[in-house]
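Trainee: Could you take a close look at one salt bridge with me and then show me how the others compare in setting?

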Amino acid sequence: MPGCNWLLAQDSPLILAPWGILSGFQEPPAQFLVPHSPNPADPAPAMAPGAPSSSPSSILAALLFSSLVLSLAQAIVVYTDREVHGAVGSRVTLHCSFWSSEWVSDDISFTWRYQPEGGRDAISIFHFAKGQPYIDEVGTFKERIQWVGDPRWKDGSIVIHNLDYSDNGTFTCDVKNPPDIVGKTSKVTLYVFEKVPTRYGVVLGAVVGGVLGAVLLLLLLFYLVRYCWLRRQAALRRRLSAMEKGKLHKSGKDSKRGRQTPVLYAMLDHSRSTKAASEKKSKGLGESRKDKK
């Protein structure tokens, strides 16, 4: 209606999305639409007692809070080394990886920027997008940058060849993985020396690792020798036990044979004595018959 503004009635619903973002007002039904004349003399519509009032400050606070929560929930995280060292004329790898709540998109992009030591402005030296690397053909890193990353493994690393003292500075890696494009970049500082200095922390770590490896190797050898010795002792015990059982069995057979021999001799003696007695008896009977005749 021309010349009239439409205001939400007192019972019009204010929609708050489930994720905490004030999505705005839905288009209310006809019964909620109240025509209002812009005449300042008209009194303001009265509100029912106890009805909640929404001030602009509370709405603004809700919007700020919801946007903060959304940015934290979908922020992409980029990782690089804190610093790297290289010698003049050599090459160095600048590693860059990231974490994202989304799958790796086909529209993923990596951007490397360089800020010279003591400089204020950072310049773009490398860009990867649509599956293709784009190297700056004008700057100081012309034909010295090599793409060695792999987006499928969330890797956006590059190699800088033929280092020079002028390469000292800070390199920034920025990753976009649509729709996850919100997040902080990560920086790595490059130091170029005539000869790479010895990093005592790395040397100490290597020494400690070597000592621990030697100790573990000695423990492994000790347990291996002990296992072999125990196994051999167990085999000897089994062999001695088997030999003792064989001796006992043999002695049992010999004792049984020893017990059977006297019995046989006794039986033979008994049979002989019985035979002699019967012969003597029969002989005595024959003599007595002769005497009677």
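Mentor: Let's start with R144 and D167, whose side chains meet in a salt bridge, 2.9 Å from N to O. By salt bridge I mean a side-chain nitrogen of Lys or Arg within 4 Å of a carboxyl oxygen of Asp or Glu. Keep in mind that this is a predicted model, where local features need pLDDT of at least 70 and side-chain atom pairs count only at pLDDT 80 or more, while totals for chains, interfaces and linings use all residues. Residues are numbered from 1 along each chain as its sequence is written, and side-chain values use heavy atoms, leaving out hydrogens and water.

Back to our pair: it links distant parts of the chain, 23 residues apart. R144 sits in the loop between β11 (132-135) and β12 (145-147), and D167 in the loop between β13 (158-160) and β14 (169-176); strands here are DSSP runs of E, at least two residues, numbered from the N terminus. R144 is buried at 14% relative accessibility, and D167 is buried too, at 0%. (Buried means under 20% relative accessible area, exposed over 50%, partly exposed in between, with a 1.4 Å probe and protein chains only.)

In total, the structure holds five salt bridges. Another one joins D150 and R152, at 3.3 Å from N to O, and there R152 is exposed, with 69% relative accessibility. Then there's D174 with K176, whose closest N and O atoms are 4.0 Å apart. D174 is buried at 12%, whereas K176 is partly exposed at 27%. That pair also belongs to a network of salt bridges linking R113, D174 and K176.

Key. Helix = DSSP H or I, 4+ residues; strand = E, 2+ residues; numbered from the N terminus.
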